[in-house]
Amino acid sequence: MKRRAIIVRGLVQGVGFRPFVYGLARRLGLNGYVRNQTGGVWIEVEGEAEIIGRFLDGLTAEAPPAARIEDVSWESRTPVGDGDFRIEASAADGGPVAIGPDLATCDACLAELFDPSDRRFHYPFLNCTQCGPRLTIIISAPYDRERTTMAGFTMCPACRAEYDDPTDRRFHAQPVACPACGPRLSLVDGDGSPRSVADPLGEAVAAVRAGQILAVKGLGGYHLACDAGNEGAVAELRRRKHRDEKPFAVMVADIEAAKRLAEVSDAEATLLRDPRRPIVLLRRRPSAGLAAGVAPGNPAVGLMLPYTPLHHLLLRDAGGPLVMTSGNRSDEPIAFDDADAITRLRGIADQFLTHDRRINIRADDSVTRWSAGAEAPVRLSRGYAPGTVSLACECPEPTLAVGGQLKSVFALGRGRQATLGHHLGDLDHAEAFRAFTAAVAYYEQLFGFKPAVLVHDLHPDYASTRYALERDDVPRRIAVQHHHAHLASCLAENGLDEPAIGVTFDGSGYGLDGTIWGGEFLVGDCGSVRRAAHLRAVPMPGGEQAVREPWRMALAYLVDAGVEPAILSPAVPTVSLRTARQLLTKRALAPLTSSAGRLFDAVAAIAGVRHRVSYEGQAAIELEGLAATAAPDESYPFEVTAGAEAWEIDCRPLVAAVERDAARGEFAARIARRFHTTLVEIIARTCDRLRVESGLSLVALSGGVFHNGLLLGETVARLQADGFRVCRHRRVPAGDGGLCLGQLAVAAAVATRTEQKLCA
Ligand code: ZN
Ligand code: ZN
Ligand code: FE
């Protein structure tokens, strides 16, 4: 007879872990107890050593799907002769616990939802320990019902019995509810006045079927929904939302419906069905019954499956796919507070389908993609956040990394664990910045976290940098160069901290020489890097205006290459060309950039694909889409020349060749294809030189440009064929949404090295 004390760490609270342990111990005939405590679940069992071994194996092998086990450790104790196995009350030490993300309705709950004999038949708020809201309803830690937005709903005796029964799948499911005691749907008119109707869902479905725009309260905020097959409704939604061309996400009832609209591989189907329920970017089928206005000019479409019981009911009755786009005006953060939503969405929504379970914190839908054999996340929020990544180096003190400016995400570092917050949008918007400060305060409170170090980008004008500099309750701060953070982010999520060649291609980041970087080859590790090669810098005439108007980058590149920019007429008025050309030599009005994103813009404009964009990355997305339709093709010419400190990739021959192709009427798709081949060639040849120079054969690919699936896939394949070890993003976005993780990794590495130096 042996006794073991076991601690299981990770996301093991509020996910049905104790009932699972109870069931496992009973099945194996072991006695003892289980209870929650700080940072994990504490178990003591006694029985034969061999049986306890099976119990330990079962803890990880059979854990409930919503649990994430990081570590199981145990030690021997003297047997005390327990007569049974029990679930004990939580140790009330108030320490931090892991808090889970919101999860999609599980299969068991879904079966009840459509079972006429179940007491929760058609109840839009059913859930259990394996599914339902978490982060979005928690007001403060620890996670107990009285500290969630469910506090106001008193459980009926039937729900209470399930909640108290250790063998029930609703044991301590904090949001447990039923039609007798839980939240209820209601309908509000477009002008904000409540409508008293017997069947709010039925009325809402009728409205959508009639072509109206419906605001629907989901898990992390309000969606704007309309019939995705109704051209008029979609066009009207675009008009009211002031959204020109940025694609709308679409919710479909099931995988079969998804396959009617897009090509869905097995891996993509698995992503769609994941309990985190992201929007998955998929290749759209032509003439698939989607209104053209859903994703104009875009070869991809973002689809998702229903993730709340309300969505399941809505999709079942709506008779077809629904546009489900964030409830906001243009690019503001999603509306989540009821009164605020009704104010902000008045004039956009014809009706509001809402309910009385308050959302405590907003969480947008997550966006992901399957790319080059793995998941390549684009935007992580609902379902993924809070997320955790283990760091290679330890943060000696609690460290808060505030991320960048666009696609803002922050991260808390404690020991070797990074906890990532959710996507907060572009901090240029005052509303997004408010969301950022509120979310930081919320996570600090939730995780009992008090930062001693702040890590921020070098860019002095990022709102996140200003926040870090102005926060006076934290003694120390570390500034990290943007592309160093990208490289470190890629290394960190792959569990590495060793020297690598970092190919960091993105739209823009503040460079060490005061120019705008974005086509960088860095050599180094999390602790330090040097800029070993980069694209030749060109002016951005009009600064930020050049981001919205790719023709400006085309002009700069053409002039740099000594080519007359006649190809840009008549799409661009002569007077605009003349004015922009005058700016080229004025550094204050035309800052220099080595950005790969801007090179995409230039090529898109020269090829006649796009002269102006209405959302970030649009030109590159369209070039990728075109390139994917053409057969593999040869590379354009370019040169890699030795500069004073770094290799310079001279794209003038490339730009001149693109112009020649375009001028003689070559298909844009072939130009786009050749351009992609050229980028792969640029990366391969430059990495080859840097391998000779540095002896390194590990390449890390990071930066928003690698959201381009075609480029990522071909680059990985080529570098592997050339004998490189390649790491790429799978768990955090390649773009600026992944910066915070890299910032933490750099801070941890710098602290570790400093300590090593002190010791040596
Ligand atoms: Zn469930
Ligand atoms: Zn109830
Ligand atoms: Fe970036």
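Let's start with one residue. Cys 128 is buried, and its relative accessible area is 0%. Keep in mind that this is a predicted model.

What does Cys 128 do here in terms of coordination? Together with Cys 106, Cys 109 and Cys 131, Cys 128 coordinates the zinc ion (ligand 1). Each of them donates through SG, at 2.3 Å. The angles among the 4 donor atoms are 102 to 119°, and the site is tetrahedral. Along the sequence, the donor spacing reads C-x2-C-x18-C-x2-C. Cys 106 sits in the loop between strand E5 (85–87) and helix H3 (107–113), while Cys 128 sits in the loop between H3 and helix H4 (157–164), so the pair ties together parts 22 residues apart in sequence. Cys 106 also counts as buried, at 17% relative accessibility. The cut-off for buried is under 20%.

Now the domains. The assignment gives domain 1 as 2–87, domain 2 as 99–183 and domain 3 as 185–355. Domain 4 comes in two pieces, 386–480 and 739–759. Domain 5 covers 501–729. How far apart are the C-alpha centres of domain 2 and domain 5? They lie 51 Å apart.

Next metal: iron. Which residues coordinate the iron ion (ligand 3)? His 482 and His 486 do so through NE2, and Asp 506 and Asp 736 through OD. The distances run from 2.1 to 2.3 Å. The 4 donor atoms subtend angles of 87 to 171°, which makes this arrangement irregular. The donor spacing is H-x3-H-x19-D-x229-D. Within that set, His 482 belongs to helix H13 (residues 482–493) and Asp 506 to strand E23 (residues 500–510). That pair links distant parts of the chain, 24 residues apart. Both ends are buried: His 482 has a relative accessible area of 0%, and Asp 506 has 2%.

On to the nonpolar cores. The largest has 71 residues. Which members touch the most others? Val 503, Phe 521, Leu 599, Cys 687, Leu 701 and Phe 706. Helix H20 (residues 668–694) supplies the largest share of this core, with 9 residues. Take Cys 687 as an example. Beyond its neighbours within four places in sequence, Cys 687 is in contact with Ile 501, Val 503, Phe 521, Val 699, Leu 719 and Phe 724. Another core lies apart from this one. That other core has 40 residues, including Leu 224, Cys 226, Val 252 and Ala 257.

Cys 226 brings us to some strand pairing. Strand E9 (residues 222–227) pairs with E14 in the antiparallel sense, over 5 bridges. Cys 226 has Val 323 as its bridge partner in E14. Strand E10 (residues 250–251) also runs antiparallel to E14, joined by 2 bridges. There, Val 250 has Val 323 as its bridge partner. Is E14 enclosed or open? Of the 5 residues in E14 (residues 322–326), 5 are buried, so the strand is largely enclosed by the rest of the structure.

Last stop: His 534. Its place is in strand E25 (residues 529–535). Buried or exposed? At 12% relative accessibility, His 534 counts as buried. Which residues does His 534 touch, not counting those up to four places away in sequence? Gly 519, Glu 520, Phe 521, Ser 594, Ala 646, Trp 647, Glu 648 and Ile 649. Phe 521 was also on the list for the largest core. Gly 524 is 10 residues from His 534 along the chain, and their C-alpha atoms are separated by 15 Å.

Conventions. Residues numbered from 1 in each chain as written. Chains lettered and ligands numbered in written order. Predicted model: local features only at pLDDT ≥ 70, side-chain atom pairs only at ≥ 80, totals over all residues. Heavy atoms only, no water. Domains from an automatic or database assignment. Donors = N, O, S within 2.8 Å, 3.2 Å for Na, K, Ca; no water. Tetrahedral: all angles 85-135°; square planar, octahedral: opposite > 155°, others 65-115°. Helix = DSSP H or I, 4+ residues; strand = E, 2+ residues; numbered from the N terminus. Buried < 20%, exposed > 50% of the residue type's maximum accessible area, 1.4 Å probe, protein only. Core = buried A, V, L, I, M, F, W, Y, C linked by side-chain atoms within 4.5 Å. Contact = heavy atoms within 4.5 Å. Pairing = 2+ DSSP bridges.
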